[in-house]
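Colleague: Could you walk me through how you read a sheet in a model like this one? I would like to start from one pair of residues and work outwards.

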Amino acid sequence: MAGGPPNFLHMVPLCVRCSQPAVAVMRYNYAARSVSLEPLVHVPSPGAGYLMCARHADRVMPPVGWGRVDRRRLFVVTGLKR
Ligand SMILES: [Zn+2]
């Protein structure tokens, strides 16, 4: 029988911009005046970060005067560091 969408779809994190599956989390770091992009390891609590697909994460532009920290690649390096 045809049913509605499977329940697990509610658990797939989606990009806040385009509703594609998210791969990164964008966070505003007010103290450091920077926007960070981190690999999506766990879904942030509401208001703690913004889910982004790869395309939109690449397009993130920080506010004027702010920096942009992309940890999506650094994460791999950090993992190998001793
Ligand atoms: Zn997107």
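Modeller: Happy to. Keep in mind that this is a predicted model. Let's start with asparagine 29, which stands opposite serine 34 in S2.

Colleague: Which strands pair here, and in what sense?

Modeller: The general idea is that strands of a sheet pair through backbone hydrogen bonds, either parallel or antiparallel. Here, strand S1 (residues 24-29) and strand S2 (residues 34-39) run antiparallel to each other, with 6 bridges between them. Another pair to look at in this ladder is valine 25, whose bridge partner in S2 is glutamate 38.

Colleague: What should I look for in the hairpin of S1 and S2?

Modeller: Count the residues between the strands, then check the backbone angles. This hairpin has 4 residues between S1 and S2, and arginine 33 adopts a positive phi near 50 degrees.

Colleague: Which strand does S2 pair with in the parallel sense?

Modeller: That is strand S4 (residues 67-70), joined to S2 in parallel over 4 bridges. Across this pairing, leucine 37 lies opposite aspartate 70 in S4.

Colleague: What is the order of the strands in the sheet?

Modeller: Read across the sheet and you get S3-S1-S2-S4, an open sheet of 4 strands with mixed pairing. Strand S3 (50-52) and S4 are the edges: each has a single partner strand, so one side of each has no neighbour in the sheet. From one strand to the next, the twist averages 25 degrees.

Colleague: Back to serine 34: is it buried, exposed or partly exposed?

Modeller: Count the C-beta atoms around it. Serine 34 has 15 other C-beta atoms within 10 Å, and because a residue needs 20 or more to be buried and 12 or fewer to be exposed, serine 34 is partly exposed.

Colleague: Which residues is serine 34 in contact with, leaving aside its neighbours within four places in sequence?

Modeller: They are Asn29, Pro62, Trp66, Gly67, Arg68 and Val69. For valine 69, the C-alpha atoms of the two residues are 6.8 Å apart, although 35 residues separate them along the chain.

Colleague: And which residues make up the largest nonpolar core?

Modeller: There are 10 residues in it: Ala22, Ala24, Val25, Met26, Leu37, Tyr50, Leu51, Met52, Cys53 and Ala57. S1 and S3 are the elements that contribute two or more residues to this core. Take tyrosine 50 as one of its members: beyond its neighbours within four places in sequence, tyrosine 50 is in contact with Val16, Val25 and Met26.

Terms used:
Residues are numbered from 1 along each chain as its sequence is written. This is a predicted model: local features need pLDDT of at least 70, side-chain atom pairs count only at pLDDT 80 or more; totals for chains, interfaces and linings use all residues. Two strands pair if DSSP finds at least two bridges between them. Axes are lines fitted to C-alpha atoms, for helices over the stretch in contact, and angles run from 0 to 180 degrees between N-to-C directions. Two residues are in contact if their C-beta atoms, placed from the backbone, lie within 7 Å. A nonpolar core is a set of buried Ala, Val, Leu, Ile, Met, Phe, Trp, Tyr and Cys residues joined through C-beta atoms within 7 Å.
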